[in-house]
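Open the model in your viewer and keep the selection box at hand. This tour goes stop by stop: what to select, then what is there.

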Amino acid sequence: MWLRPEEVLLKSALKLWVTERSNRYFLLQRRRGYGEGGGGIAGLLVGTLDTVLDSTAKVAPYRILHQTPDSQVYWSIACGASLEEISQHWDWLQVNVMRTLSVFDSDDDITSFVQGKIRGLIAEEGKSSGGDDEDPERFREAVLRFERLFGLPKREKLVTYFSCSYWRGRVPNQGWIYLSTNFICFYSYLLGNEVKLVFSWDEVSRLERTSSVLLAESIRVCVRGEDHFFSMFLRLQQTYLLMQQLADYAITRLFDKETFSTDHPLSDPLHITQRALEVHARNQAFRSFFRLPQEENLCEVYESFLWVPFSHYNTLGKICVSERYLCFASQDGSQCHLIIPLREVVSVELPDRSSRALSVGVRGKRAFRFSEVRDFDRLAATIRRKCSASSSPQHSASAQLPLCDDEEDVMVGQTQPAVSTEALMNVFHPQDAENLDPKMLKERMKEQSWQIHFAEYGRGSGMFCTKKTRDLVVRGVPETLRGELWMLFSGAVNDMATHPGYYAALLDECMGSSSLACDEIERDLHRSLPEHPAFQTDTGISALRRVLTAYAHRNPKIGYCQAMNILTSVLLLYAKEEEAFWLLVAVCERMLPDYFNRRIIGALVDQAVFEELIRDHLTALTDHMTDMSFFSSVSLSWFLTLFISVLPIESAVNVVDCFFFDGIRAVLQLALAVLHYNMDSLLCCHDDAEAVTILNRFFDSVTNKDSPLPATVQQASAPANHKPAQSVDISDLIREAYERFGDIRWEEVESMRKRNKLYVIQTLEETTKQNVLRVVAQDVKFSASQLEELYLLFKRQHFISCYWSVSSPSLQNHDPSLPYLDQYQLGQSQFSALFNLLLPWTPNTHSHSHSLARSAFRLADENRDGLVNFKEFLCTLDILYNGSFTEKLKFLFKLHLQPAGAPICKALGPSASALPAEDLSVSTRFSESADDGVIRKSPERGRGKVDLQEYLKQWQDELQKKEENIKDLPRIKQTQFVRLSKTLYSVFHGDDEEESLYRAVARVTSLLLRMEEAGRRLQEASPTKSPQPTPQTTPDPNQSPTPLTPDPCSPTGGDSSPKSPPPDPDSSPSDTSPPSPTSPTSSATSSPTGTSSSALDTPVDTPGDPPAGGEDWSFSFEQILASLLNEPAVVRFFERTVDTQALIENARRNQIRDTH
């Protein structure tokens, strides 16, 4: 065990300890009297001293000391009761610490580092032994440290923490890594050097275990293209798996919502724990290995022996029990596994209690004997209890799938008259029992081999799957058994048995309906194996239509994607229609996850895995190729269609056989074999086109010499434009793939999939970012680096509300199928938070900043859909950062044209009456298709047709958009002008020229009021002129005050006196000039924000005025602009250069911190 470092004076201990191993920094010592040669007088004396001097505890016989060169002081860091125990500690130091110590220059630094590392290991051992459940006090302390050090919201859930070292250059920093739901954090403070890191999981693009000369083993975390290395974990693999799960959870929940369900066991980010992550990972591995439905979870695990009747011996393995299945997998390398549906179990007996044996009987008079089960009574009770639940009426229809070896049809499901009950191959190419053709004779031999296998290993559910089963699959499955074995190997047989009548009910719901998916299906129906007779008639076309339409209705998140039609066509050839449907379910939802969606993420992930395998197994090809992405592009169709699109149908079905037995591993092995077979030719290629030609020619030469299909069905033929290449038999190619690349394990492939999924999704996100920035850059004046930083802030703001919410509206707004600009959008609250962080001016009150942000959102949301995309947000920001004085003033002017309480759009307010008529019509058009309160910018995929007219109108509006003329702006009303004045006072607050700015606004406001009053008097004095009843009409140019520059501080005559509006609660009195009681307008300079200021006042009614005339004054933008241009302080303020980078840095630091 590790010990807290304590000083040991080695000189006085030389007689009691013997050094067994040593190096420059550590010694492993054995206490005299223990181990080999431990007897004699010295051993007896040491034993006596141990007993006399330490009566409370026996001294450990082995220890490890840390030594400082040229010093007599050593540090005790570990002890052990046996040589094996202490050797484990010694080996860990050798591998993880020794190479690290060489980077330090000072002996004191080395000692400090070792002491800190050992203390961290001790703390981590204590944490892991108790856990956060058994030692809540320790975990609570870690949570408090986590909150104090990193300043994240309290809603952020700390999952676990570990002691480790972070490498900054060549120097390690010993500290603690904290793993939370949304962030990975690290903190270290050593010798006055503080290191603090906070990364969100959605920024991680690479997460993998690495090793180097300096770092024995470490975890590499790549964030925004920068690598970070963490090493010296006590349990590195456990830490790595937890980090991988957290990263995958965040990426799937935030970026890949097509595959993330609200029913996900980890859907609530506020209740994720380390134990929940481990359980979820274990359930995923269990379902993936045994091909079980998604609702199955691993309940209990027992170690036992299984009697294998065909080999007459017991094989060691584990029994895995879920809600509806009893599974067994061997551990002795025999590759034997077994799946027993509990619905098939008829008896559970305990024949021999001495051997702790358990016998499970199933239908068909078969029994499976398990022995040496530690808790066999509990297992028997569990099976009986679950069997009673499985025998409910919901599962009673499973009796149609008998397990008897002598029954002919194992896969008979409930069907409806409208559904095809025969595989298309049986209809269009029935087997002739009297045909003595050599190919048919060989087919009969294959069938006989499988019948022998069924007799020994069982048939249907409960069949032993062993290495011999794989050998038979590699040789090729007989035509008559292909559908049955596909159903069995894929697990689709269990889906169909537990959902009787589901497919027929689905057809009743969806057939005849119209949707985007149905239109796409109709377009591709006649492109699916058009050369096969089955799909040249209505029989095959109708069956294909029904299966694809039913699946699109079952899984609208996927709907229909290209390549599904090709795969389903082959399934219908060998399986009945309902079976083909469940095979499609197994492929799309279990065996090829994420393949069939808009971004084909699953296929891209397997492309990355394929590239990695090429680097490992075909190094000569890797060295020759300058760009490995070529293999991804050329092999994409191989994976999407399981080679069906590139191989003749009679050869491709052999590949499908192997796929259903071994999963994606079989496809990867075959792809490697194809490249290896053409290695010499590919090494001679000079460009990609030549390599593609070689591979296409190779696929044309692949044949299936054993195929019994007639020539009208087979597709293989020699190309007419070049000399036929030497033919390659598909069985030989598959056999070579298994022999040469069969060492690729299922666990290895799954690990590579998880590792590369982060990279693939982040690459897609990077593509989205580059496209958005390319579109936006031409409309704004930000630099490329500033654009990228602002985009990352915008994207993070979108996700912030998703971090701690189960069903955040932002997750619904994110749609990868939308155009790049609209994939990330902000609602009003999100926009306000980010806008206030980046605002170049700081309003003096929180309420005023919120009101300003709300108005800015309303202005930026041009299409009134309640959402603002990045371009709309950036154009708003560009005015404030890089706009001229006129543009900034016009922006503030337009902010105050709408009433403060006007709803943002029809979807966000109870009434849209405050919107202009033209805006209201746009809002109405968008909201007509909204069914959840959120306006969609694109039609709902798979549910309705695309509104092309709406898209064309938006495009036309963009083309006709022109520069806005200031003369086109409406006049600002009294209440709106008061709010504009308040805004100016607010943004000037705290400025170095605050006093001058306040005076300037007061002068301009007073001047505008006097000019408006003078204009009204001129109208009243000219009765022959037509009246102007509305204040919105532009005044006569002769009345315009813009060319005038009077001194607004001088007293003016007249009998008008201002009337004070209600006091503003946000304003605070601040006298800026001596009062002038003799002049009513001179009070405009006495209090820029007080209630007596004319800047916020309106003229009172004079005796000659109409009763309501004083409330109708208004100003044009030209008047306000001309007046403010005469105030140098205001012009300087708005034309001052904005420190964009400082504002971006401040927003990045406080974006998470300011989250409520």
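The stops below run from strands and a sheet to single residues, a helix and the nonpolar cores. Keep in mind that this is a predicted model.

**Stop 1: strand β3**

Select residues 26-31, which make up strand β3. Buried or exposed? Strand β3 is mostly covered, with 6 of its 6 residues buried. Now show side chains. Phe-26, Leu-28 and Arg-30 point one way. Leu-27, Gln-29 and Arg-31 point the other way. Both sets are buried, the arginines included.

Add residues 17-22, strand β2. β2 runs antiparallel to β3, and 5 bridges join the two. Find Val-18 and look across to its bridge partner in β3, Arg-30. Then follow the chain from β2 into β3: the link is a hairpin through 3 residues.

Next add residues 62-67, strand β4. β4 also pairs with β3 in the antiparallel sense, over 5 bridges. For a landmark here, pick Leu-27, which stands opposite Leu-65 in β4.

**Stop 2: an open sheet**

Which strands make up this open sheet, and in what order? There are 7, arranged β9-β8-β7-β6-β12-β11-β10, with antiparallel pairing. Select 193-200 for β9 and 204-210 for β10 to see the edges. Each has a single partner strand, so one side of each is left without a neighbour in the sheet. Neighbouring strands of this sheet are turned by 30 degrees against each other on average, direction ignored.

Zoom in on β7 (171-180) and β8 (183-190). They pair antiparallel over 4 bridges. Label Trp-176 and find Tyr-187 of β8 opposite.

**Stop 3: Ser-304**

Select Ser-304, in strand β13 (residues 300-308). Why does Ser-304 count as buried? The cut-off for buried is under 20% relative accessible area. Ser-304 has 1% relative accessibility, so it counts as buried. Now show what it touches beyond four places in sequence. The contacts are Thr-315, Leu-316, Gly-317, Ile-319, Phe-328, Phe-370, Ser-371, Glu-372 and Val-373.

**Stop 4: Gly-458**

Move on to Gly-458. It sits in the loop between α10 (438-457) and α11 (467-475). At 3% relative accessibility, Gly-458 counts as buried. Draw a distance from its C-alpha atom to that of Gly-364: the separation is 9.9 Å. Along the chain, these two glycines are 94 residues apart.

**Stop 5: the largest nonpolar core**

Select Phe-596, Trp-638 and Phe-643. They belong to the largest nonpolar core, of 147 residues, and touch the most other members. Centre on Phe-596. Leaving aside neighbours within four places in sequence, its contacts include Ile-558, Cys-561, Ala-563, Met-564 and Leu-567. Val-587, Cys-588 and Leu-640 are also in contact with Phe-596, as is Gln-562.

Apart from this core lies another, of 127 residues. Among its members are Tyr-166, Trp-841, Phe-873 and Ile-1120. Keep Ile-1120 selected for the last stop.

**Stop 6: helix α38**

Extend the selection to residues 1117-1125, helix α38. How many of its 9 residues are buried? The count is 7, so to speak a mostly covered helix. The buried ones are Phe-1117, Gln-1119, Ile-1120, Leu-1121, Ala-1122, Ser-1123 and Leu-1124. What covers them? The cover includes α33 (885-895), α36 (974-988), α37 (994-1021) and α39 (1128-1135). Show those helices together with α38 to end the tour.

Terms used: Residues numbered from 1 in each chain as written. Predicted model: local features only at pLDDT ≥ 70, side-chain atom pairs only at ≥ 80, totals over all residues. Heavy atoms only, no water. Buried < 20%, exposed > 50% of the residue type's maximum accessible area, 1.4 Å probe, protein only. Pairing = 2+ DSSP bridges. Contact = heavy atoms within 4.5 Å. Axes fitted to C-alpha atoms, helices over the stretch in contact; angles between N-to-C directions. Core = buried A, V, L, I, M, F, W, Y, C linked by side-chain atoms within 4.5 Å.
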